[in-house]
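Trainee: I should be grateful for a close look at one part of this model, starting from a single side chain and its surroundings. Please then set that part beside another region of the chain.

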Amino acid sequence: MNSTLSTYTKVLSWLLMGVSIVITILFFLSNQDVNSVESFIVWAYILFAIAALSALVFPVVNMIRNPKNVTKSLVGLLAVAVIVFIGYLLADATPIPSPTQNPDLSNPIVLIISDTGLITTYILFGISLLLLFYTGIRSAFHK
């Protein structure tokens with residue numbers, strides 16, 4: 001069963017890559033106007049939908065197949081939720097002064113969501129750097 005899933009995944013990835021290459025070649029052979037860019041945008045939406053669906057379906061299938069690993073997945077999900085909550089607590093809704101009078105620069109909901117995303121990204125990037133240094137130092141001493 002695992003082998004067939006791997007085969008299907010490999011065939012799907014090659015198919016998606018082939019369609020992406022064909023769309024790219026057609027774009028560069030066209031006159032590169034707004035209408036030719038639209039096919040790129042539609043294809044990006046399709047790829048995003050496939051990625052989002054895969055990100056939701058495969059963990060559920062894995063949890064059903066390996067119920068012992070559910071606690072590890074939930075602990076990881078809880079850790080990410082805590083980091084996002086910390087980012088939300090650190091977010092600021094102070095309006096940004098702008099000469100263009102863009103309404104999004106003074107909308108507190110937009111400001112908090114964007115700040116939460118940025119702060120969460122910074123925290124996760126910092127954690128990943130620390131873990132890279134830790135594993136590098138640990139592997140140097142364990143050899």
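Mentor: Let us begin with Leu132, which counts as exposed because its relative accessibility is 58%, above the 50% cut-off for that class. The model is a predicted one, and every value below is computed from it. Leu132 lies in helix α4, and the helix comprises residues 108–142.

Leu132 does not stand alone at the surface. Together with Phe125, Leu129, Phe133, Ile137 and Phe141, Leu132 forms a nonpolar patch, and the accessible area of these residues together is about 710 Å². Leu129, another member of the patch, is likewise found in α4. With a relative accessible area of 32%, Leu129 is partly exposed, because that class lies between the 20% and 50% limits. One general point about helices is useful in reading the patch: an α-helix has 3.6 residues a turn, so residues three or four places apart point the same way. Leu129 also provides a distance across the model: its C-alpha atom is separated by 33 Å from that of Arg65, and the two residues are 64 apart along the chain.

For the other region, consider helix α1, residues 2–29. Its 28 residues should span 40 Å at 1.5 Å a residue, and the end C-alpha atoms are 41 Å apart, which agrees with that expectation. Leu16, Ile23 and Phe27 are buried in α1, and the buried residues of this helix pack against α2, residues 34–65.

Phe27 repays further attention. Its relative accessible area is 15%, so Phe27 falls under the 20% limit and is buried. A search of the whole structure finds two aromatic pairs. In one, the rings of Phe27 and Phe28 have centres 5.2 Å apart and planes at 70°, so the pair is edge-to-face. Phe28, in contrast to its buried partner, is exposed, at 55% relative accessible area. Phe27 also forms an edge-to-face pair with Phe40, with 4.9 Å from centre to centre and 65° between the planes. Because Phe27 belongs to α1 and Phe40 to α2, this pair ties together parts that are 13 residues apart in sequence. Phe40 itself counts as partly exposed, at 28% relative accessibility. Phe27, Phe28 and Phe40 thus make up one aromatic cluster.

The two regions may now be set side by side. In α4, Leu132 is exposed and belongs to a nonpolar surface patch; in α1, Phe27 is buried and belongs to an aromatic cluster.

Note on methods. Residues numbered from 1 in each chain as written. Predicted model: local features only at pLDDT ≥ 70, side-chain atom pairs only at ≥ 80, totals over all residues. Heavy atoms only, no water. Helix = DSSP H or I, 4+ residues; strand = E, 2+ residues; numbered from the N terminus. Expected span 1.5 Å × (residues − 1). Buried < 20%, exposed > 50% of the residue type's maximum accessible area, 1.4 Å probe, protein only. Contact = heavy atoms within 4.5 Å. Phe/Tyr/Trp six-rings, centres within 6.5 Å; stacked < 30°, edge-to-face > 60°. Patch = residues over 30% accessible without salt bridge, like charges linked within 9 Å, V, L, I, M, F, W, Y side chains within 5 Å. Areas by Shrake-Rupley, 256 points an atom, 1.4 Å probe, with all protein chains shown as cover. Salt bridge = Lys/Arg side-chain N within 4 Å of Asp/Glu carboxyl O.
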